[in-house]
Amino acid sequence: MVKTAIFPGSFDPITLGHVNIVERALPLFDKIILAVGLNADKKYLFPLSKRVQWLENTFEKYPKIEVLKYDGLTIEFAKECNANFLLRGLRNPADFEFEKAIAQANRELEPQLDTVFFLTSAKLSFISSSLVRDVIINNGDYSKFVPEEVRIK
Ligand code: ADP
């Protein structure tokens, strides 16, 4: 069986927390699809093209990784990609509660698709894309929180 995982997210922008989860998941899967969501109700700071480009540049050296855009239900997109696992990161109890409900709902809707969670590394657990956006909007130094490939301007 080819083991394909899909890591869905907004990646607005990608952070070192995301990179950590993806790199640790790499040995478990044959392929990881970074699925960049397009949700009409969400307000993004960065356009889809930029979010995708940063992901592609960051993971260029890993042939197992593919970056794709999607809209609609994650489980439907996972099916289209023949993915058998959904990958998510957990930083704290709030993430756990939120992710648990989504994972259980997804499993009810699509029993073939299982969610795999990685606990964030302690040093990175405070990083979120929303924190990074706040720093960027207020002209702070965001470079400690994101991979080198994320350069604004
Ligand atoms: P979403 O809009 O779906 O929350 P994000 O891009 O914010 O998209 O997050 C995607 C996934 O990455 C989620 O599972 C989230 O828990 C995880 N994640 C985000 N930041 C970190 C971090 N610092 N450490 C570990 N996982 C993280």
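## Asp 95 and its partner

Asp 95 counts as buried, at 11% relative accessibility. The cut-off for that label is under 20%. This is a predicted model, and the values here are computed from it.

Asp 95 forms a salt bridge with Arg 91. The closest N and O atoms of the pair are 2.7 Å apart. Arg 91 has a relative accessibility of 36%, so Arg 91 counts as partly exposed. The bridge thus links a partly exposed Arg 91 to a buried Asp 95. Side chains of opposite charge can pair when their charged atoms come close.

## Helix α4

Asp 95 is one of the buried residues of α4; Glu 99, Ala 103 and Asn 106 are buried there too. What do the buried residues of α4 pack against? They pack against α3 (74-80), β4 (85-90) and β5 (114-119).

Helix α4 covers residues 93-109, 17 residues in total. At 1.5 Å a residue, α4 should span 24 Å. The end C-alpha atoms of α4 are 24 Å apart, which agrees with that expectation.

## Salt bridges within helices

How many salt bridges does a search of the whole structure find? The search finds 8. Two of them are described here, one in α3 and one in α4.

In α3, the side chains of Glu 76 and Lys 79 meet in a salt bridge, 3.8 Å from N to O. Why are these two separated by about one helical turn? Glu 76 and Lys 79 are 3 residues apart in helix α3, which means a separation of about one turn. Lys 79 is partly exposed at 43% relative accessibility. Glu 76 is partly exposed as well, with a relative accessible area of 37%.

In α4, Glu 97 and Lys 100 form a salt bridge through their side chains, 4.0 Å from N to O. The cut-off for a salt bridge is within 4 Å. Glu 97 and Lys 100 are 3 residues apart in helix α4, so about one helical turn separates them. Glu 97 has a relative accessible area of 47% and is partly exposed. Lys 100 counts as partly exposed at 32%. Glu 76, Lys 79 and Glu 110 are joined into one network by salt bridges that share partners.

## The ligand site

The ligand is surrounded by 17 residues. The closest are Ser 10, Lys 42, Gly 89, Thr 120 and Ile 127.

Which atoms of Lys 42, Thr 120 and Ile 127 lie close to the ligand? Lys 42 places a polar side-chain atom 2.6 Å from an oxygen atom of the ligand. Thr 120 has a polar side-chain atom 2.8 Å from a nitrogen atom of the ligand. Ile 127 takes part through its backbone: a polar backbone atom lies 2.8 Å from a ligand nitrogen. Taken alone, the ligand exposes 550 Å², and the protein buries 88% of that.

## Lys 43 in its loop

Where does Lys 43 lie? Lys 43 sits in the loop between β2 (31-37) and α2 (48-58). Is Lys 43 buried or exposed? The relative accessible area of Lys 43 is 83%, so Lys 43 is exposed. The cut-off for exposed is over 50%.

Lys 43 and Asp 12 are 31 residues apart in sequence. In space, their C-alpha atoms are 9.9 Å apart.

How values were computed
Residues numbered from 1 in each chain as written. Predicted model: local features only at pLDDT ≥ 70, side-chain atom pairs only at ≥ 80, totals over all residues. Heavy atoms only, no water. Helix = DSSP H or I, 4+ residues; strand = E, 2+ residues; numbered from the N terminus. Buried < 20%, exposed > 50% of the residue type's maximum accessible area, 1.4 Å probe, protein only. Expected span 1.5 Å × (residues − 1). Contact = heavy atoms within 4.5 Å. Near = heavy atom within 4 Å. Polar contact = N/O pair within 3.5 Å; in protein donor to acceptor, adjacent residues only side chain to side chain. Areas by Shrake-Rupley, 256 points an atom, 1.4 Å probe, with all protein chains shown as cover.
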